[in-house]
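Good morning, and thank you for coming. Please look at the structure on the screen while I guide you through it.

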Amino acid sequence: MEQRAKHFKKRDAILNCVKCTKVHPSADWVFAQLKPEISNLSLGTVYRNLALFKEQGLIVSLGTVKGIERFDGNVDPHVHFICNECGCVLDLESVGIPESLKESIGRENGLVVNNCTLTFNGLCSQCK
Ligand SMILES: [Zn+2]
Ligand SMILES: [Zn+2]
């Protein structure tokens, strides 16, 4: 029972860590944040839990940035900007994905479009 409580504590801490940040963290970032608090945490546990959360739809994967998978705790569709230089990922809150785009793409290609992810690349204000 004790073991079980500990397990849930780790799981919640990992999920909270991704949900409460806008940095679109990697597994390594999450591990570095939580390790001081949870001394017996392993990187493998972080990886396993993130994969599980992704499967359960609690978080989304943004794919890899500079070879490292990045996650987002905000599962509502939104537009991203990724800096090619420093690898930072920003939410472009003012840019929407128009419903009409999904509809026209579906109609023109005979598809049912459920979801659309839109990502811009370039240099962030610090790197440009
Ligand atoms: Zn940058
Ligand atoms: Zn995001």
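I shall begin with the whole chain and then turn to its parts.

Please keep in mind throughout that this is a predicted model. The chain has four helices and five strands. Read from the N terminus, these elements follow the order α-α-α-β-β-β-β-α-β. Along the principal axes, the C-alpha atoms fill a box of roughly 55 × 40 × 25 Å. The chain has 128 residues, and 15% of them count as buried. As for contacts with a separation of 6 or more, 43% of them join residues that are 24 or more positions apart.

Next, the domains. The domain assignment gives domain 1, residues 1–62, and domain 2, residues 76–128. The centres of domain 1 and domain 2, taken over C-alpha atoms, are 26 Å apart.

Let us now consider the helices, beginning with helix 1, which spans residues 2–19. One of its residues is A13. Is A13 buried, partly exposed or exposed? A13 counts as partly exposed, because it has 17 C-beta neighbours inside 10 Å, and a buried residue would need 20 or more. Which residues does A13 touch, leaving aside those up to four places away in sequence? They are L34 and I38. For A13 and L34, the separation is 21 residues in sequence, while their C-alpha atoms are 7.5 Å apart in space.

Between helix 1 and helix 2 there is a loop, and H24 lies in that loop. H24 deserves a moment of attention. Its phi is positive, at about 55°, although H24 is not a glycine. As a general rule, most residues other than glycine have a negative phi. H24 is also buried, because 23 other C-beta atoms lie within 10 Å.

We come to helix 2, residues 27–34, where the buried residues are A27, V30 and F31. On which side of helix 2 do they lie? They lie on the same side, because they cover an arc of only 100° around the axis. The general background may help here: an α-helix has 3.6 residues a turn, so residues three or four places apart point the same way.

Moving along the chain, we find L58 in the loop between helix 3, residues 43–55, and strand 1, residues 60–65. L58 counts as partly exposed, because it has 16 C-beta neighbours inside 10 Å. Apart from residues up to four places away in sequence, L58 touches L15 and F53. By contrast with these contacts, consider L58 and S104: they are 46 residues apart along the chain, and 29 Å separate their C-alpha atoms.

After strand 1 comes another loop, which leads to strand 2, residues 68–72, and contains K66. K66 is not a glycine, yet its phi is positive, at about 55°. Is K66 buried or exposed? K66 counts as exposed, because it has 12 C-beta neighbours inside 10 Å. H24, as we heard, is buried.

The last part of this talk concerns the sheet. Three strands form an open sheet in the order 4-3-5, with mixed pairing. Strand 4 and strand 5 are the edge strands, each pairing on one side only. From one strand to the next, the twist averages 25°. In general, strands of a sheet pair through backbone hydrogen bonds, either parallel or antiparallel.

In which sense do strand 3 and strand 4 run, and how many bridges join them? Strand 3, residues 79–83, and strand 4, residues 89–92, run antiparallel and are joined by four bridges. V79 has L92 of strand 4 as its bridge partner, and H80 stands opposite D91 in strand 4. These two strands form a hairpin with five residues between them. In the turn, G87 has a positive phi of about 80°.

On the other pairing, strand 3 and strand 5, residues 119–122, are parallel and share four bridges. The bridge partner of C83 in strand 5 is G122.

To close, I would ask you to find two places in the model. One is helix 2, with A27, V30 and F31 buried on the same side. The other is the open sheet, with its strands in the order 4-3-5. Thank you for your attention.

Definitions and conventions
Residues are numbered from 1 along each chain as its sequence is written. Chains are lettered from A and ligands numbered from 1 in the order in which they are written. This is a predicted model: local features need pLDDT of at least 70, side-chain atom pairs count only at pLDDT 80 or more; totals for chains, interfaces and linings use all residues. Two residues are in contact if their C-beta atoms, placed from the backbone, lie within 7 Å. Two strands pair if DSSP finds at least two bridges between them. The arc is that of the directions from the helix axis to the C-beta atoms. Domain bounds come from an automatic or database domain assignment. Axes are lines fitted to C-alpha atoms, for helices over the stretch in contact, and angles run from 0 to 180 degrees between N-to-C directions.
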